[in-house]
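Reader: Hi! I am a first-year student and still learning to look at protein models. Could you take me on a close look at one part of this one?

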Amino acid sequence: MQPTPLDLDPLPEPPTRRLWVRWWRSLSPVRQDRFAALAPLVAVLMFLAAILTAFWYLRTEELDREQEALKRDVEYAQQRVRLRLLERQEQLMRIARDLSNKDLNLADFVNRSEDLISQYPELQAITWIDQQRRVRASQAAPTVASQQLRLPGEVLHSGTAAALFAQARDLQQPVYSQPERQNDDSTPLLQLQVPLSTRGQFAGVLLAEYSIDNLLRYGTPTEVLARYALTLLDGHRHVLAGQPLTPRSQPQWWAFWRTRTNAYEAPVSPMGSHLVLRAQAYRTSLGVVGSGLFWLVGTLSVMTSWLLIATWRQTRRRMRTQEALIAETNFRRAMENSVLTGMRALDLQGRITYVNAAFCQMTGWTEAELVGQLPPYSYWPEHDHENLHAKLREELSGKTIPGGFQVRVRRRNGALFDARLYVSPLIDAHGQQTGWMTSVTDITEPNRIREQLSASHERFTIVLEALDASVSVAPLGSQELPFANKLYRQWFGSHTGGHLQLVAQAGRPSSSHSTSGDDEDALMGLPTDSLTSAHSENAEIYLPELAKWLEVRSRYLSWVDGRLAQMVIATDITARRLAQEQAGRHAERAQSISRLITMGEMASSVAHELNQPLTAISNYCSGMISRANSGQLTQEALLTALQKTSHQAIRAGQIIQRIRAFVKRSEPNRQLSDVANMVSEAVELADIELRRHNVRLTHYVAARLPPVMADAILIEQVLINLMKNGAEAIENAHRPPAQRSVELRVVPRQVEERAVVEFTVQDTGRGLAPEVLERLFEAFFSTKSEGMGMGLNLCRSIVESHQGRMLAENLYNGPEVIGCRFSFWLPLETSAAAAGNAPADAPTPRTEA
């Protein structure tokens, strides 16, 4: 019988391996070759990583062992130091007990202290201190410095010993001090104070001082001192005893071959963290780099790596050559298919031998339909065959134009477009010309844009030429005039003289929001803002050669060639200036008429005022005649009567002179005027009318007011008009005599950060209705039946022509209106001068048009 074969199923393939195989087969051959070329490099990196990991592990194990040994030795040394301190503490506590029980006298204390100090080198001094902090006795070793000795009878006032004394007294148990490094380079001492107690009462302390250096030297095992550099540190990490090793820089985590500092610290009881024992191991091993095995393995690793890298470089060079060939092929194919410029190749007979995808897309015919065609080609317009044949003959004969030539091309759907053709010879590998290569560019859109720009430029030029203002542009520092419109050429010609003259007379444009030097460039004198966004300002100048007033505006801009230029626009405002001057003359005439009307309304009051001195003169004359006829007129009486007659005549003349000066028409005369004089003249004239209405006038003028730049007659006119209106309002309100008053106040103020003088006229009439307040300053609006409505309008115009403002408001006592207040202010001389200066040769209107 033959044995039956076992039906054994193959072992299942691991899922991870199947995934890797599937991923590898999905890659292209080029990518597979790339990954295969990287295999030697990966092997080199893995080999070097394994070697470095092994050395790192071995070095880490060695350092851990050394650290554990150091830790054990330091703990052992710390226990030895602690036990030695506790032993000395027990011995000192026995002495303290004998002192407390008075079993020791002073001599016995000195003997026992001397025995302890000589027997134990770390003990430097033992001092007996009573409860008054006075040293009873002290025994010190010969090595103690003189400044650290404690003499009998000395009292502890301050310092570490005094503070420790208080702590031992309060706690009634041994207390250690906190050792610290002194600034005087003296040997630091550790203090222990043991309290003394007699019958439950505190009787002083026993002070023991240790040498920290001797404590380290004699309290630490010699075998530990031989292996490590031991130091005692205080709480601030300062070295108290021992010689530390020179600190070495800690290596980075990746430099495992470098030896790290092997150190360990342990606090010493009972001081805790205030006394730390630190040990640092001496460098005894050569480290990883000093090992011969390291250099042997390293040499073999470098040789192996060099062989693997050489193999990888050879494979990589072969792959680069293959990739360069594929990239060149793909680049040429992509360049042909992706450029927007159509490419067409002709042989020497004019047959099409090649077209790219862009040319086919441009014309609408396929490559198969175009290749092999002879002229006339299918994309030639039928009506332009003769012209295109001529251009083709020039192209085939080599008469090419460097800038190309423009033709019309027909698409398959019959549409035409503009194209520019550039021709160059086609040379084969042997240097022979085999045909012509032509590039075709669709320029339909650029032609359309060029035509639109040309039309826009033409429209813009027509608009500028038709402007009624002169426009010119000139680069800075140049005599060239790139642009000037028709009106500029009519006025100044085609040169830059007129442009420069306008700029010189108008002045450089500055920022309108600030005049400080910080907004200007000190190097160029130009605004520091963007030049194309700098603000422009207007200036009015007069050109005698043109006999015209011009309003000039200028600003900086960047010209089309990038140069910084200045544009100047000059507008003829001669008619406007003449109208302003005429309006000013009309305003002056209206002001003069208003003053005459005011004096006409005050005629009865003036006549009454003049009648008094005239009546007195008549009475004086009649009296002198009667006394002369009777023979009773003496020379002394005659002189007295004549003096009184002369005084009354002078008074009448002053009244007439004031009225004549007020109503006299004169040219505008703005000058520095004294406020008190203006108010005095106005009060003299207005008081006549106010007395007629039985209205009391009071006025107050602040002392030492500076002068204002104003026309005194016009300001007096405003004040008289306001006071007269106040008196009429009181008359119409039928106020009782106690409430019939008009008050004039003149005080300095600050308005909008400007120094001004405020004039206020306040009456006790019935005030103004809301609808009257809204239209109070309108021309020809009046609440009087016989009024013209020009008084307050003229007053506001006069004030505003002086750069001032006028306001009106009612006065209230609760809900009741008890009067009205008119106020206006004028800027002081400095503010008025800066508010606005008209050209010197131009008249300044007295009111607004």
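Author: Happy to help; we will look closely at one helix, and then visit some other places in the model.

Please keep in mind that this is a predicted model.

Let us begin with helix α17, which runs over residues 675–692. How far does α17 reach from its first C-alpha to its last? The distance is 26 Å for 18 residues, close to the 26 Å expected at 1.5 Å a residue. At the start of the helix, look for D674: one of its side-chain oxygens comes to within 3.3 Å of the backbone nitrogen of A676. Now follow the helix along to A686, where α17 bends by about 30°. A686 is also one of the buried residues of this helix. Others that are buried include V675, M678, V679, A682 and V683, and further along you can find L685, I688, E689 and L690 among them.

Just after α17 you meet N694, with a positive phi of about 60°. That is a positive value in a residue other than glycine. N694 is in the loop between α17 and β21, the strand made of residues 696–701. Is N694 buried or exposed? Its relative accessible area is 52%, and exposed means over 50%, so N694 counts as exposed.

Next, please move on to helix α18, residues 712–733. With 22 residues at 1.5 Å a residue, α18 should span 32 Å, and its end C-alpha atoms are indeed 32 Å apart. Since 16 of its 22 residues are buried, α18 is largely enclosed by the rest of the structure. Just after this helix, H734 has a positive phi of about 55°.

A further positive phi is found at R237, about 70°, although R237 is not a glycine. You will find R237 in the loop between β6 (228–234) and β7 (239–241). R237 has a relative accessible area of 44%, so it is partly exposed.

Now for the empty spaces. How many cavities of 30 Å³ or more does the structure hold? There are three. The largest cavity contains about 150 Å³ of space. It is lined by 17 residues, and those closest to its centre are R344, Y379, W380, V407 and L421. Sorted by class, the lining has twelve nonpolar residues, four charged ones and one polar one. At least two lining residues come from each of these elements: α8 (357–363), α10 (385–396), β12 (405–410) and β13 (416–427).

While you have α10 in view, look at the loop between α9 (367–370) and α10, where P376 lies. P375 and P376 are joined by a cis peptide bond, with omega about 0°.

Finally, here are two pairs of residues to find by yourself. N447 lies in helix α11, residues 444–466. With a relative accessible area of 11%, and buried meaning under 20%, N447 counts as buried. Its C-alpha is 8.2 Å from that of D418, though the two are 29 residues apart along the chain. For the other pair, go to E68 in helix α2, residues 29–100. E68 is partly exposed, at 44% relative accessibility. Between E68 and Y264 there are 9.7 Å from C-alpha to C-alpha, and the two are 196 residues apart along the chain.

Note on methods:
Residues numbered from 1 in each chain as written. Predicted model: local features only at pLDDT ≥ 70, side-chain atom pairs only at ≥ 80, totals over all residues. Heavy atoms only, no water. 1 Å grid on protein atoms, 1.4 Å probe; cavity = no way out; pocket = protein on both sides within 12 Å on 5 of 7 lines; lining within 4 Å. Points joined across faces, edges and corners; volume = space filled by probe spheres on them. Helix = DSSP H or I, 4+ residues; strand = E, 2+ residues; numbered from the N terminus. Nonpolar A, V, L, I, M, F, W, Y, C, P; charged D, E, K, R; others polar. Expected span 1.5 Å × (residues − 1). Buried < 20%, exposed > 50% of the residue type's maximum accessible area, 1.4 Å probe, protein only. Bend = angle between axes of the 7 residues up to and from the residue. Polar contact = N/O pair within 3.5 Å; in protein donor to acceptor, adjacent residues only side chain to side chain.
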